[in-house]
Amino acid sequence: MNGTPRVLNRILVGIFGLLLLAVGLLLVLLAAVPAVAAWWQGWSSEAWDRIRTLSESTRIPGQSESWLWIVMVLLLIAVIVAMVAWLAQQGKGRSNILVAEDDAGEVPGYVRIGGGVAEQALRAALAGRPDLAGATVATYDFRGRPGLRIRVQPRQGVAPHLLAAEVSALVEALDAVIGRRTPVLIHIGSGARSRFGRAERVR
């Protein structure tokens with residue numbers, strides 16, 4: 001429900017993982033295979049000579065520094081800006097308002113109900129249940145409309161369809177109190193707490 005670029009994140013993590021794997025494999029080969037170590041010494045010395053030649057041929061007139069350093073600084077700034085923009089996209093979509101509309105009653109006004117009201121009410125209703133290892137509730141903007149994401153972790157042996165029906169009943173009760181039907185995503189997950197814990201009573 002949020003605006004986190006999951007596909008882009010997976011691509012970047014995959015590229016970063018492949019780079020780390022390649023570096024690790026190269027280090028292992030350099031330490032274990034003498035032929036690879038000899039090749040690396042020859043290649044690195046040639047590469048260093050090329051860098052020195054390029055640096056000398058790109059010196060700023062009247063200066064001893066190369067203008068390539070300015071290009072590298074600009075590229076580094078661009079990378080930093082891109083990283084900040086990427087970090088700003090993580091978790092985007094959270095909302096603090098669940099309902100915001102004009103009151104059609106006799107007294108003119110504007111009604112706003114914070115997302116924390118629904119979050120606290122649902123968390124309180126789900127807290128202490130022996131068939132749950134954990135539950136989280138958050139408010140998000142979904143296509144310009146606020147909605148709720150309810151994530152529950154049932155313990156081992158709990159029927160997911162029965163749990164989903166009970167959570168849906170809680171949401172319907174919340175809609176009756178608020179007076180408005182709210183979009184809801186119910187996510188039933190699993191984890192270590194779910195696998196190693198048992199429910200005292202399966203609902």
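**Strand β4 and a tryptophan cluster**

In this predicted model, strand β4 and strand β5 (residues 184-188) run parallel to each other, paired over five bridges.

Me: What makes β4 and β5 count as paired strands?

Reply: Pairing takes at least two bridges, and β4 and β5 have five bridges between them, so they qualify. Within this pairing, arginine 151 stands opposite histidine 187 in β5.

Me: And how do you know that β3 pairs with β4?

Reply: The cut-off is again at least two bridges. Strand β3 (residues 132-142) and β4 share ten bridges, in the antiparallel sense, so they pair too. Glycine 134 faces glutamine 153 of β4. Two residues separate β3 and β4 in their hairpin, and arginine 143 in the turn has a positive phi of about 55°.

Me: Why is β4 described as largely enclosed by the rest of the structure?

Reply: Buried means under 20% relative accessible area. Seven of the ten residues of β4 (residues 145-154) are buried, hence the description.

Me: Now the tryptophans: why is the pair of tryptophan 39 and tryptophan 40 called tilted?

Reply: Their ring centres are 6.2 Å apart, and a pair needs centres within 6.5 Å. The planes make an angle of 55°; stacked would be under 30 degrees and edge-to-face over 60, so tilted is the word that fits. Trp39 and Trp40 also belong to a cluster with Trp43, linked by ring pairs.

Me: What makes tryptophan 39 partly exposed?

Reply: Exposed means over 50% and buried under 20%. Tryptophan 39 has 49% relative accessibility, so it is partly exposed. Tryptophan 40, at 32%, is partly exposed as well.

Definitions and conventions:
Residues are numbered from 1 along each chain as its sequence is written. This is a predicted model: local features need pLDDT of at least 70, side-chain atom pairs count only at pLDDT 80 or more; totals for chains, interfaces and linings use all residues. Side-chain values use heavy atoms; hydrogens and water are left out. Rings of Phe, Tyr and Trp (its six-membered ring) pair if their centres lie within 6.5 Å; planes under 30 degrees apart count as stacked, over 60 as edge-to-face and the rest as tilted. Buried means under 20% relative accessible area, exposed over 50%, partly exposed in between (1.4 Å probe, protein chains only). Helices (H or I, at least four residues) and strands (E, at least two) are DSSP runs, numbered from the N terminus.
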